[in-house]
Amino acid sequence: MAVPAGPVTASTDAERAMFDFVDAYDRAYETAALEHGLSVAQACVLGRLTRQIGMRELADELGCDASNITQIIRRLEARDLVRRRPHPDDRRSRQIVRTPNGTILYAAFEESFEFARSAIANLSAREQDQLATLLRKALNGTREPNKAC
């Protein structure tokens, strides 16, 4: 279940709008993941597997403990959505890759997760550029790791 992103009382209209948007985005992401039998964390991990990646690097990218990643990977492996491979340079470590089934499932998930595309479609091309610029400016120096798991 998605947890509301905002405080109990927002101090400005912009803050309220941002919290409303993030909450709606989170709910839509969770709904799309559940449609495909995935948890939010599993969908997030599958999305990060665009290349072969080590467990530690994946945990660092997602801002998760390695033990959480291990559990998520174990569940995805049980469904034949990912596979662990020996690292070519370090036999002690493993790299994770999506299987063909994982790629097909993630593509279906991405297609069903329309929230961002639908929201952006309400804006003109100029407004989309302005929004992207303003969001990047708002994030400047405040970006925290994605806490997906």
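Reader: What comes right after H1, and is its phi positive or negative?
Author: That's Gly37, with a positive phi near 70°. This is a predicted model, with residues numbered from 1 along each chain as its sequence is written. Local features need pLDDT of at least 70 and side-chain atom pairs 80 or more, totals for chains, interfaces and linings use all residues, and side-chain values use heavy atoms, leaving out hydrogens and water.

Reader: What makes H1 a helix?
Author: Helices are DSSP runs of H or I with at least four residues, strands are E runs of at least two, and numbering starts at the N terminus. H1 (residues 13-35) has 23 residues, so it qualifies.

Reader: How do you know what span to expect for H1?
Author: Take 1.5 Å times one less than the number of residues. H1 reaches 33 Å from its first C-alpha to its last, close to the 33 Å expected.

Reader: Why is Gln42 called buried?
Author: Buried means under 20% relative accessible area, exposed over 50%, and partly exposed in between (1.4 Å probe, protein chains only). Gln42, in helix H2 (residues 40-48), has 9% relative accessibility, so it counts as buried.

Reader: Which residues does Gln42 touch?
Author: Contact means heavy atoms within 4.5 Å. Leaving aside residues up to four places away in sequence, Gln42 touches Gly37, Ile72, Arg75, Leu76 and Arg79.

Reader: How do you know that E2 and E3 pair?
Author: Pairing takes at least two bridges found by DSSP. E2 and E3 (residues 94-98) have 5, in the antiparallel sense, so they pair. Pro86 stands opposite Arg94 in E3.
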